[in-house]
Amino acid sequence: GRFAFGATDINQEIGPEANLIFVSEGVSGTTRLLARSAPGEFYAPLSMEFSPNGDMLAIGKTSVGAAREVCIIRLTTVSEICLPALAGAYGQFATWSPAGDRIVFVTPRFTLVALDVARGIQSDLAIGMREAFNLYWR
């Protein structure tokens, strides 16, 4: 299998906060840089969740200005899309559908949204979510 981890390459007064995400292939042992955040932005490694087939990674990102996003990173092309999102009760930003074609997250307007990752189409599932939420899709 593969695993992902966060690290930092900057000197931080408070933290450390991850500005780098690496992925390692368990069989070959090859480790590569998957993503680097912009200055003032940091990944939330505890929120990482691989898609069911392992070709994408969802991870939360925060910024010095307190903006929060969920980012979806394709491991094959290393492309990253980020959307405004809230972190749940335990730092979780999103969860994948069992098929891996959609991801569910909560927007800053407290709306539960499903995103069709391939087509980029969002569907509202519930309005008026509370701040202390947990997301599970099985």
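## Strand pairing, cores and a disulfide in a predicted model

Four strands form an open sheet in the order β8-β9-β10-β11, with antiparallel pairing. The edge positions of this sheet belong to β8 and to β11 (121-127), each of which pairs on one side only, and the twist from one strand to the next averages 20 degrees. The structure described here is a predicted model. Within the sheet, β9 and β10 are paired in the antiparallel sense over five bridges, and V106 is found opposite L112 in β10.

Another open sheet is built from four strands in the order β4-β5-β6-β7, again with antiparallel pairing. Its edges are taken by β4 (41-50) and β7 (80-84), each with a single partner strand, so that one side of each has no neighbour in the sheet. Here the twist averages 25 degrees from one strand to the next. Inside this sheet, β5 and β6 pair in the antiparallel sense over seven bridges, and A58 has I72 in β6 as its bridge partner.

Strands β1, β2 and β3 are also linked by antiparallel pairing. Strand β1 (residues 2-7) pairs with strand β2 (residues 20-25) over six bridges in the antiparallel sense, and the residue of β2 that serves as the bridge partner of G6 is I21. Strand β2 is in turn joined to strand β3 (residues 31-36) by five bridges, the two strands running antiparallel, and L20 has R36 in β3 as its bridge partner. β2 and β3 form a hairpin with five residues between them, and in its turn G29 has a positive phi of about 80 degrees.

The pairings for which a bridge count is available are set side by side below.

| Strand pair | Sense | Bridges |
|---|---|---|
| β1 and β2 | antiparallel | six |
| β2 and β3 | antiparallel | five |
| β5 and β6 | antiparallel | seven |
| β9 and β10 | antiparallel | five |

The hairpin can be followed further through two of its residues, G29 and S24. G29 lies in the loop between β2 and β3 and, at 48% relative accessibility, counts as partly exposed. Although G29 and R2 are 27 residues apart along the chain, their C-alpha atoms are separated by 8.9 Å. S24, which is placed in strand β2, counts as buried, with a relative accessibility of 5%. The side chain of S24 is joined to that of T31 by a polar contact of 3.1 Å. Leaving aside neighbours within four places in sequence, S24 is in contact with G1, R2, F3, G29, T30 and T31.

The nonpolar interior comes next. In soluble globular proteins, nonpolar side chains tend to be buried together. The largest nonpolar core in this model has 16 residues, of which V70, I72, W96, I103 and F105 touch the most other members. Two or more residues of this core come from each of β5 (56-63), β6 (68-74), β8 (94-96), β9 (102-106) and β10 (111-116). I103, one of the residues that touch the most other members, is in contact with A58, I72, A94, T95, W96, V113, A114, L115 and V117 once its neighbours within four places in sequence are left aside. Both A58 and I72, already met as bridge partners, are thus among the contacts of I103. A second, separate core of 11 residues includes V23, L34, A35 and C71.

How many disulfides does a search of the whole structure find? The search finds one, and this disulfide joins C71 to C82 with an S to S distance of 2.1 Å. The link of C71 and C82 is right-handed, with 110 degrees about the S-S bond. Because C71 lies in strand β6 and C82 in strand β7, the pair ties together parts that are 11 residues apart in sequence.

Are the two cysteines buried or exposed? C71 is buried, with a relative accessible area of 0%, whereas C82, at 24% relative accessibility, counts as partly exposed. The buried member of the pair, C71, is also included in the second core, together with V23, L34 and A35, while C82 lies in β7, one of the strands standing at the edges of the β4-β5-β6-β7 sheet.

Conventions:
Residues numbered from 1 in each chain as written. Predicted model: local features only at pLDDT ≥ 70, side-chain atom pairs only at ≥ 80, totals over all residues. Heavy atoms only, no water. Core = buried A, V, L, I, M, F, W, Y, C linked by side-chain atoms within 4.5 Å. Buried < 20%, exposed > 50% of the residue type's maximum accessible area, 1.4 Å probe, protein only. Contact = heavy atoms within 4.5 Å. Pairing = 2+ DSSP bridges. Axes fitted to C-alpha atoms, helices over the stretch in contact; angles between N-to-C directions. Disulfide = S-S within 2.5 Å. Polar contact = N/O pair within 3.5 Å; in protein donor to acceptor, adjacent residues only side chain to side chain.
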